[in-house]
Amino acid sequence: MKELIRKSFLYKWLVKFLTWFGDLRIDFDPPATRARHFRKLMKLAEPGDVLCRKYDCYVDSIFIEGEYTHSGILTHKDKIVHSIAEGVKSDDILDFVLDTEGFILLRPKYETEQNVINAVSFAESQIGKPYDFLFEKSEENSFYCHELTSKSLAAGGLVITPKKDIIYASDFFNRCNIVYESDED
């Protein structure tokens, strides 16, 4: 049934609309993140870390629960894999946090170095897959952002139990140590 929905004209139109809508910004103030935040992030970031960001300017943030509305997993000290409307991709860590109102770096409590490698490998293996506009956690061929992060952590031995049917950034907090929150300094 889900495949029929994904092939329908209405679904394809909805994906185009949501992709466009997700890029709408209403911005009256400059971003809150500054060079000092970027420098600190670059000193602390390690592969396997989770990075969550928040925005006040994107219109679609009104509909996303929680303070941090997007997440990804660091695959290298300066690269992050995340899922956006255009699909799962790898970006520079600084591009990920550029123009944000804040971000938080979380250090998962991995048991071994191999668990870190497994989490990173899983995330990298998903690059190119589409965004999950239906928010189906059981779907293995598409991901929304927090779902990709959660499944990457699961590949690294950390199970994230969501408080609701959809995984939010706040669900990561009990399985990770907060390493750095940009708006705290």
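**Close-up views of a predicted model**

**Figure 1. Helices α5 and α6 lie oblique to each other.** Please keep in mind as you look around that this is a predicted model. Two packed helices are described by the angle between their axes and the distance between the axes. For α5 and α6, that angle is about 140°, and the axes are 7 Å apart. Angles over 145 degrees would count as roughly antiparallel and 65 to 115 as roughly perpendicular, so this pair is called oblique. The crossing of α5 past α6 is right-handed. On the α5 side, the contact is made by Asn118, Ala119, Phe122 and Ala123. Their partners on α6 are Leu148, Lys151, Ser152 and Ala155.

**Figure 2. Helix α6 is largely enclosed by the rest of the structure.** How many of the 11 residues of α6 are buried? The count is nine, so the helix is largely enclosed. The buried residues are Cys145, His146, Glu147, Leu148, Thr149, Ser150, Lys151, Ser152 and Leu153. They pack against the strands β1, β2 (70-76), β3 (79-84), β4 (87-92) and β5, and also against helix α5. Once you have followed α6 to its end, look for Gly157 after the helix, where phi is positive, near 90°.

**Figure 3. His146 of helix α6 is a buried residue with polar partners.** The relative accessible area of His146 is 3%, so this residue counts as buried. Which side chain does the side chain of His146 meet in a polar contact? That partner is Ser71, at 2.7 Å. The His146 side chain also reaches a backbone atom, the nitrogen of Ala169, at 3.5 Å. Leaving aside residues up to four places away in sequence, His146 touches Tyr68, Thr69, His70 and Ser71, together with Ile167, Tyr168, Ala169 and Phe172.

**Figure 4. Asp132 sits in the loop between α5 (113-125) and α6 (145-155).** Is this loop residue buried or exposed? Asp132 is buried, with a relative accessible area of 0%. Two backbone nitrogens are worth finding here. The side chain of Asp132 reaches the nitrogen of Leu134 at 3.2 Å. A polar atom of that Asp132 side chain also lies 3.0 Å from the backbone nitrogen of Phe135.

**Figure 5. Helix α3 (residues 35-44) has a buried face.** The buried residues in this helix are His37, Phe38 and Leu41. Seen down the axis of α3, these buried residues fall within an arc of 100°, so they line one face of the helix. Turn to the other side of α3, and you will find Arg39 and Lys43 exposed. What covers the buried residues of α3? The cover includes the strands β1 (50-54), β5 (102-108) and β6 (176-181), as well as helix α4 (93-97).

**Figure 6. His37 of α3 and Tyr180 are 143 residues apart in sequence.** Through space, the C-alpha atoms of His37 and Tyr180 are 9.2 Å apart. His37 is buried, with a relative accessible area of 3%.

**Figure 7. Ser121 of helix α5 and Gly48 are 73 residues apart in sequence.** The distance between Ser121 and Gly48 in space is 9.6 Å, C-alpha to C-alpha. Ser121 is partly exposed, and its relative accessible area is 37%.

**Figure 8. Asp99 has a positive phi in the loop between α4 and β5.** Most residues other than glycine have a negative phi. What is phi at Asp99? The value is near 65°, and this residue is not a glycine. Asp99 is partly exposed, with a relative accessible area of 32%.

**Figure 9. The whole protein has six helices and six strands.** To place the close-ups, follow the order of elements along the sequence: α-α-α-β-β-β-β-α-β-α-α-β. The protein has 185 residues, and 46% of them count as buried. Contacts between residues at least 6 apart in sequence can be sorted by how far apart the partners are, and 69% of these contacts join residues at least 24 apart.

Definitions and conventions: Residues numbered from 1 in each chain as written. Predicted model: local features only at pLDDT ≥ 70, side-chain atom pairs only at ≥ 80, totals over all residues. Heavy atoms only, no water. Buried < 20%, exposed > 50% of the residue type's maximum accessible area, 1.4 Å probe, protein only. Helix = DSSP H or I, 4+ residues; strand = E, 2+ residues; numbered from the N terminus. Arc of directions from axis to C-beta. Contact = heavy atoms within 4.5 Å. Polar contact = N/O pair within 3.5 Å; in protein donor to acceptor, adjacent residues only side chain to side chain. Axes fitted to C-alpha atoms, helices over the stretch in contact; angles between N-to-C directions. Parallel < 35°, antiparallel > 145°, perpendicular 65-115°, else oblique. Left-handed = near helix turned anticlockwise from the far one by under 90°.
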